[in-house]
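Visitor: I would like a close look at a single part of this protein. Please take the largest pocket and go through what surrounds it.

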Amino acid sequence: MPSSRRRSPPPSSRARCRWPTSRSSTSRPAGSPDYEALIRWERPGVGPVPPDEFIPVAESSRLIGDVDRWMLHEATRQLAQWRAQFPTASGEPAPTVAVNISGRHLADPRVLTDVADALAASGLPAELLTVEVTETVLVDDPLAYDHLGALRAMGVRIAIDDFGTGYTSIGQLRDMPVDTLKIDRSFVASTDPAQRDLVALMIRAAHTFGLTVVAEGVEEPDQLARLREQNCDQAQGYLLHRPLRAPEAGALLRRAETAETAGTATT
């Protein structure tokens, strides 16, 4: 694995960012997509190594900080490159990128410098980077909580990932240093009427506290239709896009730019 000063994966392996989906708005046609960067490790002689095999190993050591740093630099660099290639039309929202940060790294004071360094190296505006954390991190580690507040003060957006799987109550959202709530896919996929009512409650509560809501794991048209009825802001899942490598993910921006140009030409 890379040392703390290296931003690339080890020469004996290849780690790649994959950009799983644009978060298409549930209430209007999608313009510039938002991205989430996920790491995939392709080990020579072995092939793809599932994240649930190597991430826990990295989490149990200090190596997870190296993984997070590499992801921060790669994700911000890539989005900055795409923005230069495919400028967003005036008045259109700029694309963003989300990066998952481990609880162990978030509790390390160096996380503030790591994020600032990645933004400085790429030139990406802080407001176009979203740091995603699980809700258990916010509950279990006060220092991590403070660091999230500091990152938010830098202009970075904060999202709670897999909401509903931990022990955070909806009422606690009021005082958390977060901007976005991502509802776990298990709630989105459930056919239990009580679970569906709970999703609607999550959305209403999050909106009350000024948060944007993203539904994860949307795979069926009826799920998307229901989320629209519940006024969910954004959706993420295979129904919208399968996981994409960087060239294919960047093509989404090219298509968005072409559509915007065509729309301007016809008005």
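Guide: What follows goes through the pocket and then turns to the nonpolar core and one buried residue. The model is predicted. Rolling a probe the size of a water molecule over the atoms shows where empty space is left. The largest pocket found here has a volume of about 830 Å³. Its lining is made up of 36 residues, and those nearest the centre are Glu36, Leu38, Asn100, Glu132 and Asp161. Sorted by class, the lining holds 15 nonpolar, nine polar and twelve charged residues.

Several elements give two or more residues to this lining: the strands β3 (35–43), β5 (97–100), β6 (129–134) and β7 (157–163), and the helices α1 (51–59) and α2 (63–85). β3 gives the most, with five residues.

One of these elements, α2, also matters for counting in the largest nonpolar core, which has 64 residues: α2 gives the most to this core, with nine residues. Within the core, Leu106 and Val156 touch the most other members. Leaving aside neighbours within four places in sequence, Val156 is in contact with Val115, Leu119, Ala126, Leu129, Val131, Leu151 and Asp179.

Leucine 128 sits in the loop between α4 (110–122) and β6. Its relative accessible area is 7%, which is under 20%, so leucine 128 counts as buried. Not counting residues up to four places away in sequence, leucine 128 touches Leu79, Arg83, Ala94, Pro95, Thr96 and Val97. Leucine 79 is 49 residues away from leucine 128 along the chain, yet their C-alpha atoms are separated by 9.0 Å.

Methods
Residues are numbered from 1 along each chain as its sequence is written. This is a predicted model: local features need pLDDT of at least 70, side-chain atom pairs count only at pLDDT 80 or more; totals for chains, interfaces and linings use all residues. Side-chain values use heavy atoms; hydrogens and water are left out. On a 1 Å grid over the protein atoms alone, a cavity is a set of points where a 1.4 Å probe fits but cannot get out, and a pocket is an open set with protein on both sides within 12 Å along at least five of seven lines; lining residues have an atom within 4 Å of a point. Grid points are joined across faces, edges and corners, and a volume is the space filled by probe spheres set on the points. Helices (H or I, at least four residues) and strands (E, at least two) are DSSP runs, numbered from the N terminus. Ala, Val, Leu, Ile, Met, Phe, Trp, Tyr, Cys and Pro count as nonpolar, Asp, Glu, Lys and Arg as charged, and the others, Gly among them, as polar. Buried means under 20% relative accessible area, exposed over 50%, partly exposed in between (1.4 Å probe, protein chains only). Contact means heavy atoms within 4.5 Å. A nonpolar core is a set of buried Ala, Val, Leu, Ile, Met, Phe, Trp, Tyr and Cys residues joined through side-chain atoms within 4.5 Å.
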